[in-house]
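Dear colleague,

Please find below the structure that I am handing over to you. A short account of what was found in it follows.

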Amino acid sequence: MNGLSTVLIVVGLFLLGGIYSFVKQEMPKSLIALLSIGAAMCILAGVVRLEVWN
């Protein structure tokens, strides 16, 4: 696992925590959707960049 994939996965998990927090605060659904798209993209990019797929 290289550094960039680790950072992307950690940022994605941080954004997942933000989604949980925003849902509990009853923030607008469009903001939660945007945040969840960003979290999914970060986690997916981190997983794709892992060096275990070679």
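Helices (H or I, at least four residues) and strands (E, at least two) are DSSP runs, numbered from the N terminus. This is a predicted model, in which local features need pLDDT of at least 70 and side-chain atom pairs count only at pLDDT 80 or more, while totals for chains, interfaces and linings use all residues. Residues are numbered from 1 along each chain as its sequence is written, and side-chain values use heavy atoms, with hydrogens and water left out.

Val-48 lies in helix α2. Val-48 counts as exposed because its relative accessibility is 57% (exposed is over 50% relative accessible area, buried under 20%, partly exposed in between, with a 1.4 Å probe and protein chains only). Its C-alpha atom is separated by 8.1 Å from that of Ser-5, although the two are 43 residues apart along the chain.

Leu-4 belongs to helix α1 and, at 44% relative accessibility, counts as partly exposed.

Turning to the interior, the largest nonpolar core (buried Ala, Val, Leu, Ile, Met, Phe, Trp, Tyr and Cys residues joined through side-chain atoms within 4.5 Å) consists of six residues: Leu-15, Ile-19, Ile-32, Leu-35, Ala-39 and Cys-42. Two or more of these residues come from each of α1 (3-24) and α2 (29-48), and α2 gives the largest share, four residues. Neighbours within four places in sequence aside, Leu-15 is in contact (heavy atoms within 4.5 Å) with Leu-35, Gly-38, Ala-39 and Cys-42.

Yours sincerely
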